[in-house]
Amino acid sequence: MKKIIGALLLVCIFVGGYLLIPSNYYLRQTIVHLYPKIDQYPIFENRKVSAKAPQPWETADVYNKLSINPAYLPQFKKHGTVAFLVIQDSALVFEQYWEDYSDQKRSNSFSMAKSIVSLAIGCAIDDGFIANTDQAVCDFIPEFNSFNGKKLTIKHLLTMSAGVDFEESYVSPFSPTTQLYYGDNLKDVVYGMKMIEEPGIYFNYQSGVTQLLAFIVEKATGESLSAYVSRRLWTPMHAEEDALWSLDHKGGSEKAYCCFNSNARDFARFGQLILNNGSWDGNQLVSASYIKEAITPDTLLIDKKYNEPNRHYGYQFWKLNFEGSEVVYMRGMLGQYVFVIPDKRAIVVRLGHKRGENYTSQHYPDDIDVWLKAASDLLNQKENKTF
């Protein structure tokens with residue numbers, strides 16, 4: 001018995017010593033906080049994304065006179081929905097909140113933030129800080145040059161075809177994705193990525209690649225990502241509330257691949273910007289040509305997971321076909337969505353704790369069908385005045 005106790009003590013000492021190594025800070029955080037949650041931003045340092053010209057959405061004459069079809073409510077509950085919002089013709093048609101969430105309470109965007117980074121790249125090109133999407137990454141970050149002579153470009157990063165060795169895993173506590181989320185040094189992780197195959201061949205979704213794009217925005221503009229997004233997007237779009245972008249440490253870098261914390265009403269503004277082809281109040285915030293490229297999947301890329309042409313991912317934006325309509329959308333790991341439905345001139349936002357575990361034939365989580373059908377039903381109620 002003494003030997004067993006002694007062995008266990010030695011194991012505890014070894015594990016404790018391992019966890020105390022400074023580079024294993026992220027493991028300690030993982031043990032304390034476990035799986036990421038939508039309301040965790042207070043555990044991180046955050047940088048304000050200022051809303052300096054707030055302006056509320058206009059409301060439609062049927063605003064909140066509609067109701068979600070009861071047939072969909074079990075799925076809303078099952079997936080822990082906390083916010084559901086529908087906008088049509090730039091006017092708020094419907095919104096509902098659950099738990100203690102409201103039109104002001106923040107929750108995490110998770111990977112919807114990737115789309116925001118893409119828009120920031122578009123702004124930086126428009127501002128002349130970046131020449132174009134074909135500019136070499138090594139012009140900004142020398143560590144990433146080429147693979148077998150083929151230059152790594154910003155477009156390769158935008159289309160998730162960088163060919164680096166980043167493992168996108170949300171389960172393993174040792175994965176680089178976990179290191180990015182709970183760690184305190186994003187640059188160590190991202191600058192440690194290696195090019196292992198020719199860029200521009202395979203679509204391979206990797207959060208580290210978006211983080212690299214954010215570092216390029218910082219180097220190109222000379223501003224923090226939060227300050228640049230505030231100046232070029234958040235303020236001109238008249239966001240009503242300041243957002244918070246979580247950092248790796250105090251005064252550090254934004255967790256750009258995730259962790260933009262805001263509310264449903266203000267998340268919807270990114271969808272409206274896409275619907276407006278980059279324009280807001282008559283001002284072209286992002287060039288229409290960039291928006292078109294951003295929402296168009298590069299079908300020349302081979303989806304590494306499914307071994308078929310990429311038909312669902314552009315420049316950090318997703319795309320699907322729903323009942324004959326092309327839908328562009330932003331997507332987060334726990335069911336954070338901003339859907340843009342041009343055929344209906346509509347934006348749909350869904351925020352919550354979970355997303356579907358199964359995927360459709362178009363390779364999107366099957367809970368998406370619930371949100372789009374519920375929104376379509378609400379818009380039909382509006383059109384047919386059945387309320």
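Two strands count as paired if DSSP finds at least two bridges between them. With that in hand, a good place to start in this predicted model is the pairing of β15 with strand β16 (residues 325-332), which is antiparallel and runs over 5 bridges. Within this pairing, Trp-318 sits opposite Tyr-329 of β16.

These two strands belong to a bigger picture. An open sheet is built from 7 strands, and reading across it gives the order β2-β4-β3-β18-β17-β16-β15, with mixed pairing. The edges are taken by β2 (58-59) and β15 (318-322), and each of them has a single partner strand, so one side of each is left without a neighbour in the sheet.

Helices lie across this sheet. Helix α10 (residues 264-275) lies across β3 (81-88), β4 (91-97), β16, β17 (336-341) and β18 (346-352), and its direction makes an angle of about 145° with β18. Helix α12 (residues 367-384) lies across β3, β4, β15, β16, β17 and β18, running at about 45° to β3.

Just after α10 comes a residue with an unusual backbone angle. Most residues other than glycine have a negative phi. Asn-277, however, has a positive phi, near 55°, and is not a glycine. Asn-277 belongs to the loop between α10 and β11 (279-280). Its relative accessible area is 44%, which means that Asn-277 counts as partly exposed.

Phe-110 shows a positive phi too, of about 45°, again in a residue that is not a glycine. Phe-110 is also a loop residue, placed between β5 (107-108) and α4 (112-126). Here the relative accessible area is just 2%, so Phe-110 is buried.

Phe-110 leads on to Cys-259, since the two touch. Where does Cys-259 sit? Its place is the loop between β9 (243-246) and β10 (260-262). Cys-259 is buried because its relative accessible area is 0%, and buried means under 20%. Leaving aside residues up to four places away in sequence, Cys-259 touches Asn-108, Ser-109, Phe-110, Ala-113, Tyr-181, Leu-244, Trp-245 and Ser-246. As for Asn-185, it lies 74 residues from Cys-259 along the chain, and the C-alpha atoms of the two are 15 Å apart.

Three of those contacts, Leu-244, Trp-245 and Ser-246, bring the story to β9. In a regular strand the side chains alternate between the two faces of the sheet. In β9, Ala-243 and Trp-245 point one way while Leu-244 and Ser-246 point the other way, and all are buried. Strand β9 has antiparallel pairings with β1 (residues 46-49), over 4 bridges, and with β10, over 2 bridges. Looking at single residues, Arg-47 stands opposite Trp-245 in β9, and Leu-244 has Asn-261 of β10 as its bridge partner.

Finally, there is the matter of empty space. Rolling a probe the size of a water molecule over the atoms shows where such space is left. The structure holds 1 cavity of 30 Å³ or more, and the volume of the largest cavity is about 40 Å³. Which residues line the largest cavity? They are Ser-161, Gly-163, Val-164, Glu-197, Glu-198, Tyr-202, Asn-204 and Gln-206. Sorted by class, this lining comes to 2 nonpolar, 4 polar and 2 charged residues.

Definitions and conventions:
Residues numbered from 1 in each chain as written. Predicted model: local features only at pLDDT ≥ 70, side-chain atom pairs only at ≥ 80, totals over all residues. Heavy atoms only, no water. 1 Å grid on protein atoms, 1.4 Å probe; cavity = no way out; pocket = protein on both sides within 12 Å on 5 of 7 lines; lining within 4 Å. Points joined across faces, edges and corners; volume = space filled by probe spheres on them. Nonpolar A, V, L, I, M, F, W, Y, C, P; charged D, E, K, R; others polar. Buried < 20%, exposed > 50% of the residue type's maximum accessible area, 1.4 Å probe, protein only. Contact = heavy atoms within 4.5 Å. Axes fitted to C-alpha atoms, helices over the stretch in contact; angles between N-to-C directions.
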